[in-house]
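Me: Please take a close look at a single part of this model, and let the answer be one connected account rather than a list. I would like to follow the reasoning from one step to the next.

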Amino acid sequence: MKRIGSLGRAWFDLTICVLMLASLNIACMGFKKPWRDYSPRPFSSAEWIAGDAIERGRMSRDLFIKNNRGLGSQADVVKLLGEPDVKKTIDDREVWLYRIDYGIPDAMDAIPISFESGKGSIGFVKDGTVSIAVKEKEL
């Protein structure tokens, strides 16, 4: 019977640990990750641009409160929020989507920015309903 040397055993143990962590991460998809903070925080343009969907979700309420009167031109929006994750045309309006994650299964997963007459605003109108957060797959 062949024995695994100490170096071989260390690699085996490391591989098992990596597989367990990957499995935990996959199992938590769509749920709050226990190692991440989901509490609301103040909006910061630099942190929004550098952050992931979770960080954006944390800042989304404050973003809406501070910018509910409009965001300016497309260039102003890119400067404030960075390039959008997705661009769509909905009801003859250009809509940019920025992905967010609240850590709630099947929750809203994007902030839409609509442009009309060259001015951007948070949310969009579809079928007479105003939405400030949407499910990307439903658009």
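Reply: For an aromatic cluster one first needs the pair: rings of Phe, Tyr and Trp, the last by its six-membered ring, are paired if their centres lie within 6.5 Å, and planes under 30 degrees apart count as stacked, over 60 as edge-to-face and the rest as tilted. In this predicted model, three such aromatic pairs are present. In one of them, F43 with W48, the ring centres are 5.9 Å apart and the planes stand at 55 degrees, so the pair is tilted. Together with Y98, these two residues make up one aromatic cluster. F43 counts as buried because its relative accessibility is 12%, and W48 is buried as well, at 0%.

Y98 leads on to the sheet, since residues 93-99 form strand β2. The sheet is open and has four strands in the order β1-β2-β3-β4, with antiparallel pairing. Its edge strands, β1 (86-90) and β4, each pair on one side only, and neighbouring strands are turned against each other by 30 degrees on average, with direction ignored. Between β2 and β3 there are six bridges, and in this pairing E94 has F115 of β3 as its bridge partner.

Two helices pack on this sheet. Helix α3 touches β2, β3 and β4, and its direction makes about 125 degrees with that of β2, whereas helix α4 (residues 74-81) touches β2 and β3, with its direction at about 0 degrees to that of β2.

On the far side of β3 (residues 110-116), three bridges join that strand to β4 in the antiparallel sense, and S114 stands opposite S121. The two strands form a hairpin with two residues between them, in which S117 takes a positive phi near 55 degrees. In a regular strand, side chains alternate between the two faces of the sheet. Strand β4 (residues 119-122) shows such alternation: G120 and I122 point to one face and are buried, while K119 and S121 point to the other and are not.

Helix α3 also carries R58 (the helix spans residues 53-66). R58 counts as buried because its relative accessible area is 12%, which falls under the 20% cut-off. Its side chain makes a polar contact of 3.0 Å with the side chain of D37. Leaving aside residues up to four places away in sequence, R58 touches Y38, S39, P40 and R41 in addition to D37.

Key:
Residues are numbered from 1 along each chain as its sequence is written. This is a predicted model: local features need pLDDT of at least 70, side-chain atom pairs count only at pLDDT 80 or more; totals for chains, interfaces and linings use all residues. Side-chain values use heavy atoms; hydrogens and water are left out. Buried means under 20% relative accessible area, exposed over 50%, partly exposed in between (1.4 Å probe, protein chains only). A polar contact is a pair of N or O atoms within 3.5 Å; within protein, one must be able to donate a hydrogen and the other to accept it, and residues adjacent in sequence count only if both atoms are side-chain atoms. Contact means heavy atoms within 4.5 Å. Two strands pair if DSSP finds at least two bridges between them. Axes are lines fitted to C-alpha atoms, for helices over the stretch in contact, and angles run from 0 to 180 degrees between N-to-C directions.
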